[in-house]
Amino acid sequence: MSEKQTLIKLVDLSMSFDQKLLFKNLNLEIKQGDFLSIIGPNGTGKSTLIQLMMKELAPRSGQVIYTDNGFDRKKIGFVPQTRNINEDYPLNLTSFVSLRLYDNLIPWLTKKDRLKISTALKKVRLQDKSDNLLANSSGGEQQRAYIAQALVHDPKMIILDEPTNGLDERSKKEVMEILKKLQVEDQVTIVLVTHDPESVIQNSTKILKLNGDGTFEVGDQSLLENNDVEF
Ligand SMILES: Nc1ncnc2c1ncn2[C@@H]1O[C@H](COP(=O)(O)OP(=O)(O)OP(=O)(O)O)[C@@H](O)[C@H]1O
C-alpha cells in the first residue's frame, strides 16, 4: 500500500492567550485517512487548535503547513459546535442544506449540485427525510445535515467540534458510525474534538490530549490505557 499523504503539519506550534499558555511546541502530522481525536478538559485549547488548523487564527509561534499538493482550507469541511440558523440566508449551495434538507423546487441548482446534495444526504442517511425542514428535525438529524453540508464541497478533511454534544445514545452512535464510514470507505480525514470517551475509543487512529498546562500527549489508543485520562 502506498504511503499516506500528510495533509497538515503542525510544526513547533505554540499558543497562549494573555498569560494562559495552551500548548507549547506542538508537532503533529495529520495524514489522509486519519481519525484524529482531540481530547482534554474544558478550556485546554481544543477549539483554539482547530481554528489554528484552519488558519483562522494566528499562532503565537510555529507553523501550520498544508503539505499536500492541492490541499487548502477549501478542502476542509467544518462542523462547528454552535451555529445560528438564519432563515434569511441567501439560497446558495452552502446554506441550502441548512435551510431545507432538499427541495426539488429550487430551480437554479445545477444537475451536478443536486447530485452532490443527494449523495451527501445519502452518506449521512437522510435521503428519506430530504424534504424536511431543519427546524423540525431532531438534534441527531440536524447534526447529520451539518455533516452533509460539509460533504457537498468534497472535503479531504472534516473537522468537527463536539458533534455529539447533547445527543441521545442512539443519535450519537449513528453520527459516529457515519464518520467512521467516511474515514474507512472514502478516506476522508476526520478531526474530532470531543469529551466523549466512547467516541474516542471506538474510532480514533490517533489521539491528541491537551493537558491545559502547555503540555500535551500524542499517541494511539494505548494513550488511554496508560493514563488517568480526563475528558
Ligand atoms: N479569542 C480569545 N481571547 C482570549 N482568550 C481566549 C480566546 N479564545 C479562547 N480563549 C481562552 O483560551 C482557553 C481555551 O479555549 P478553547 O475554547 O480553545 O478551549 P476548549 O478546550 O475548546 O474548551 P471546551 O472543551 O470547553 O470547548 C480558554 O480559557 C478560553 O477562555
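Two residues are in contact if their C-beta atoms, placed from the backbone, lie within 7 Å.

**Figure 1. An overview of the predicted model****.** Let us start with the whole chain before moving in. Seven helices and nine strands make up the secondary structure of the protein. Among contacts with a separation of 6 or more, 69% link residues 24 or more positions apart. Of the 231 residues, 34% count as buried.

**Figure 2. A close-up of the shell around the ligand****.** Which residues surround the ligand? They are F17, K20, L22, G40, N42, G43, T44, G45, K46, S47 and T48. Two elements, β2 (20–31) and α1 (46–53), each give two or more residues to this shell. The element that gives the most is α1, with three residues. Sorted by class, the shell holds seven polar, two charged and two nonpolar residues.

**Figure 3. The open sheet β2-β1-β4 and the helix that packs on it****.** Here three strands come together in the order β2-β1-β4, with antiparallel pairing. The edge strands, each pairing on one side only, are β2 and β4 (61–66). On average, neighbouring strands of this sheet are turned by 10° against each other, direction ignored. Helix α1 packs on the sheet and touches β1, β2 and β4. The direction of α1 makes about 130° with that of β1. Readers who have just looked at the ligand will recognise this helix, as α1 also gives three residues to the shell around the ligand.

**Figure 4. A closer look at the pairing of β1 with β4****.** As a reminder, strands of a sheet pair through backbone hydrogen bonds, either parallel or antiparallel. Strand β1 (residues 6–17) and β4 run antiparallel, joined by five bridges. Within this pair, L10 has V64 of β4 as its bridge partner.

**Figure 5. The parallel pairings on either side of the path through β6****.** How many bridges join β5 to β6? Strand β5 (residues 76–79) runs parallel to β6, and four bridges join them. In this pairing, V79 stands opposite L160 in β6. Strand β6 also pairs in the parallel sense with strand β7 (residues 189–193), over five bridges. There, D161 stands opposite V193 in β7. From β6 the chain crosses through helix α5 (residues 169–186) to β7, and this β-α-β crossover is right-handed. Strand β6 (residues 157–161) is mostly covered, with four of its five residues buried.

**Figure 6. Two residues with a positive phi, D12 and R125****.** Most residues other than glycine have a negative phi, and most peptide bonds are trans. These two make a nice pair to inspect by eye. D12, although not a glycine, has a positive phi of about 45°. The residue lies in strand β1. Is D12 buried or exposed? D12 counts as exposed because it has 12 C-beta neighbours inside 10 Å, and a residue is exposed if that number is 12 or fewer. R125, also a residue other than glycine, has a positive phi near 60°. Where is R125 placed? R125 sits in the loop between α3 (111–123) and α4 (139–151). With 17 C-beta neighbours inside 10 Å, R125 counts as partly exposed, because that number falls between the cut-offs of 12 or fewer for exposed and 20 or more for buried.

How values were computed: Residues are numbered from 1 along each chain as its sequence is written. This is a predicted model: local features need pLDDT of at least 70, side-chain atom pairs count only at pLDDT 80 or more; totals for chains, interfaces and linings use all residues. A residue is near a molecule or strand if its C-beta atom, placed from the backbone, lies within 6 Å of it. Ala, Val, Leu, Ile, Met, Phe, Trp, Tyr, Cys and Pro count as nonpolar, Asp, Glu, Lys and Arg as charged, and the others, Gly among them, as polar. Two strands pair if DSSP finds at least two bridges between them. Axes are lines fitted to C-alpha atoms, for helices over the stretch in contact, and angles run from 0 to 180 degrees between N-to-C directions. A crossover is right-handed if, with the strands pointing away from the viewer, the path from the first strand over the helix to the second runs clockwise.
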